[in-house]
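Here's a relaxed walk through one chain, starting from a single side chain and working outwards. Have the model open as you read.

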Amino acid sequence: EKWDFVLVSKIHNVGSEKEMKRKKFLDELSKKEFTIKKIEDNELFYGVRAPQHYFHKYQWLLRNRNSRLHTPDIYGDVPATTRAAFNPRFSLLRIRIVNFILNKTVTSDFENLHRLMKKKVFKAAFPLHELEEILKEKRAHWRDLFCQELIEKYRCYFGEKVALYFAWLGWYTYLLGFAAVVGLVVFVAGITVFNTSQVSKEICEATDTIMCPLCDQKCSFWRLSETCTYAKVTHMIDNEGTVLFAMFMAIWATVFLELWKRRRATVVTDWDLYRWDEEEEELALELINNLQHEPSKYQHSYFRTAILLLLVLLMIAVLIGITHALVIFRVIAMALFAQSSFEFLREQADTMAVMAGAVLHYITIVIMTKVNKHVARFLCELEKPRTSSQHENNFTMKMFTFQFFTNFSSLIYIAFFLGRINGHPGNYVRIAGKWRLEECHPSGCITDLFIQMAIIMMLKQTISNFFEYFYPWIRYKFRKICKKQREEEEEEEEDPCKRQWRDNYDLNEVDTSSLFDEFLEIVIQYSFTTIFVAAFPLAPLLAFINNLIEIRLDARKMMQLYRRAVPMKANDIGIWLQVLEAIGILAVIGNGLVMAITSDFIPMQVYKYMYSPCVTENNTDVDCLTGYINYSLSTFRIQDFEPDTEVPKTQLDRNEIKECRYRDYRNADDYSYTVQFWHILVIRLAFLIIFEHVALCVKLIAAWYIPDVPQSVKNKFRSRKHNNVR
């Protein structure tokens with residue numbers, strides 16, 4: 001016995017308000033000729049089945065207008081995907097239509113199902129899982145992840161929208177494998193220069209170079225050679241190969257999107273959905289539910305749009321404020337670590353502050369993701385979108401914007417502001433007049449960005465994914481144990497429907513934004529693997545490994561741990577494609593800025609071709625970067641320290657230190673910027689402009705060279721037009 005939907009309610013007292021509301025709603029369904037079956041257990045279960053005339057009406061409304069007059073066959077012009085949905089094994093269309101009618105049914109008190117569920121009149125409403133499909137999923141192998149048959153199976157069970165998610169994720173993961181290999185090669189190439197970099201050698205041999213204290217109290221002078229390992233790691237990441245990899249990833253992002261457009265066109269053409277009209281579908285469902293329905297008009301309020309824009313900007317300001325709080329935390333943590341009684345913490349104060357800041361940033365991301373979702377939903381309610389698809393698009397844009405600032409504001413600070421707005425010895429920029437801002441390591445700031453990205457990505461791909469799968473798994477197992485104990489107490493024969501409905505009810509509830517959450521997770525990951533990939537070449541590899549696991553776990557989660565989602569029809573991934581294209585442009589800008597500002601690539605090239613021994617002395621027997629470290633450090637007279645600075649006197653007396661070095665390009669007399677600083681600044685800006693224009697031109701050429709729609713798809717539609725004309 002097949003049922004389209006199951007409604008679940010508590011057993012309310014006879015004559016109570018909730019009981020009366022439930023009865024009114026069920027009476028409305030009965031007026032619409034729905035078959036209703038009631039089963040009483042610890043809760044009340046109502047099986048709902050719609051009459052056939054609703055589905056015949058749907059077929060009639062969506063057929064070609066001319067064929068309605070001339071074709072007696074009711075299946076004549078119905079798309080193949082619609083006909084397949086009438087298979088009793090895969091009743092996608094029935095579920096979709098019944099879900100629409102249930103949500104549009106209104107009682108005499110003007111209350112719909114959504115409002116009744118909010119008032120706890122009903123506890124749940126869901127379609128039923130197919131047991132045979134669950135058993136098939138348990139027997140599926142990892143080698144089937146990228147095959148077309150798997151996507152087809154998901155389409156026939158979850159609908160086209162979920163199937164397109166898996167098709168997109170599989171295609172993204174497949175092409176990500178190439179980026180992962182190139183990133184790994186660049187990283188390994190960096191390891192080969194771990195001990196051979198001239199800049200690292202100079203830092204390791206700089207035993208006589210005394211650096212200025214890292215904090216105001218209890219921090220002594222230190223030798224540059226003490227950071228030898230840190231310098232080697234920095235130049236393992238920051239090298240010429242990184243520039244080429246950044247350019248490669250900008251091109252890869254474009255090629256991926258263009259190839260996905262082709263892949264999507266092929267897939268939806270096979271499903272006969274290439275020219276499917278979502279608005280026409282929605283209007284047909286409205287007419288099925290109510291023949292007197294009048295379509296809602298397009299409306300636009302400039303006042304409401306202005307208010308929404310101000311609220312969005314206010315939320316972005318809050319997120320940037322949280323980033324400022326993270327900066328303050330890092331500054332205070334740096335000062336505390338530098339003054340710690342533990343020698344290891346004092347020596348590694350900078351690295352420990354970066355790692356602590358990264359962990360706190362991850363915790364902030366977890367918390368603010370939930371806050372952002374509530375705010376985005378609230379703003380969408382204020383906006384009052386006309387259709388469900390418009391609501392989804394508006395919610396997607398707001399949520400992604402908030403998540404982008406949540407995830408990347410701290411990275412933007414580290415990449416482009418850390419060590420550049422902190423002042424210099426004797427005139428530091430301070431927070432609340434007390435704590436001075438952080439400085440970059442003498443070998444550059446790119447390692448800080450590398451550490452931050454590595455920690456966040458690994459935590460997101462381990463802890464977050466662990467809870468994403470095992471939290472619903474534990475809840476499901478707990479309910480299963482409770483159900484087993486209940487079944488042991490009940491020995492009488494029971495209705496088979498009762499067992500099936502209760503088994504489905506014991507699964508985790510499906511949120512309406514479940515698929516959105518999956519998309520958002522992968523799109524944020526895509527941002528990490530493209531925007532700042534110049535600082536973290538291993539990002540594509542980590543994403544590739546994560547996605548191999550993600551595809552399998554998502555399928556198991558949807559099939560075995562959650563109630564069946566309502567199958568939705570779609571012919572693309574919606575507004576996510578525009579989001580991905582925007583990320584592709586941000587990737588060009590972001591990587592260009594990292595190479596121009598964060599990396600030491602430009603200062604080293606300026607020194608190599610303008611100030612090195614190879615140029616000034618015409619000496620080709622030495623490495624052209626010889627002397628770069630001395631060139632990149634400025635001199636500070638310790639007599640010019642601020643009054644609050646306290647350096648251990650024993651250190652001063654023993655070494656008779658009168659000067660210390662710090663990372664900057666300033667004159668020793670008045671601490672103004674040197675000519676070299678302005679030379680480097682001009683070259684940085686020139687490189688940024690050239691890099692971005694070249695990368696964007698290559699992206700445009702790649703987009704032009706690769707057609708969005710394959711010739712086979714165009715030829716198929718041309719043949720159809722020819723046959724129609726004949």
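Trp 252 counts as buried, at 8% relative accessibility; the label buried means under 20% relative accessible area, exposed means over 50%, and partly exposed is anything in between, using a 1.4 Å probe and protein chains only. This is a predicted model, where local features need pLDDT of at least 70 and side-chain atom pairs count only at pLDDT 80 or more, while totals for chains, interfaces and linings use all residues. Residues are numbered from 1 along each chain as its sequence is written, and side-chain values use heavy atoms, with hydrogens and water left out.

Trp 252 lies in helix H12. Helices here are DSSP runs of H or I with at least four residues, strands are E runs of at least two, and both are numbered from the N terminus. What does Trp 252 touch once its neighbours within four places in sequence are left aside? The list is Tyr 172, Leu 175, Leu 176, Ala 179, Tyr 526 and Thr 530, with contact meaning heavy atoms within 4.5 Å. Trp 252 and Gly 584 sit 332 residues apart in sequence, yet their C-alpha atoms are 9.2 Å apart in space.

H12 itself covers residues 240-270, and its axis comes within 9 Å of the axis of H28 (residues 711-725), the two crossing at roughly 35 degrees. Those axes are lines fitted to C-alpha atoms over the stretch in contact, with angles running from 0 to 180 degrees between N-to-C directions. The H12 and H28 crossing is left-handed, that is, the near helix is turned anticlockwise from the far one by less than a right angle. On the H12 side you'll find Ala 265, Thr 266, Thr 269 and Asp 270, meeting Val 713, Lys 716 and Phe 717 of H28. Sorted by class, that contact holds three nonpolar, two polar and two charged residues. For the classes, Ala, Val, Leu, Ile, Met, Phe, Trp, Tyr, Cys and Pro count as nonpolar, Asp, Glu, Lys and Arg as charged, and the others, Gly among them, as polar.

Next, a couple of lysines. Lys 398 sits in helix H17 (residues 388-416) and is buried, with a relative accessible area of 12%. Beyond residues up to four places away in sequence, Lys 398 touches Ala 376, Leu 379, Cys 380 and Glu 383. Lys 557 belongs to helix H21 (residues 539-561). Is Lys 557 buried or exposed? Lys 557 is buried, at 7% relative accessible area. Setting aside neighbours within four places in sequence, the contacts of Lys 557 are Glu 468, Tyr 469, Glu 518 and Tyr 562. The C-alpha atoms of Lys 557 and Glu 468 are separated by 9.2 Å, with their positions 89 residues apart along the chain.

Met 211 is in strand S5 (residues 210-211) and is buried too, with a relative accessible area of 3%. Not counting residues up to four places away in sequence, the partners of Met 211 include Phe 221, Trp 222, Pro 442 and Tyr 662.

Two loop residues are worth a click for their backbone. Phe 110 has phi near 60 degrees, a positive value in a residue other than glycine, and Tyr 671 likewise has a positive phi of about 60 degrees.

| Residue | Loop between | Relative accessible area |
|---|---|---|
| Phe 110 | H5 (92-104) and H6 (113-118) | 66%, exposed |
| Tyr 671 | S12 (659-663) and H27 (675-705) | 11%, buried |

Now for some longer pieces. Helix H20 (residues 514-530) has 17 residues and reaches 25 Å from its first C-alpha to its last, close to the 24 Å expected at 1.5 Å a residue; the expected span is 1.5 Å times one less than the number of residues. H20 is mostly covered, with 14 of its 17 residues buried.

The unreviewed UniProt entry annotates several spans as "transmembrane region", among them 523-549 and 677-706. Over residues 523-549 the chain is 70% helix and 0% strand, and the end C-alpha atoms lie 16 Å apart. Residues 677-706 are 97% helix and 0% strand, with end C-alpha atoms 43 Å apart. UniProt positions are given in the numbering used here, feature names are shortened, and annotations may be inferred rather than shown by experiment.

Finally, the whole chain. The protein chain has 28 helices and twelve strands, and its C-alpha trace spans about 95 × 65 × 55 Å along the principal axes. Of its 726 residues, 51% count as buried.
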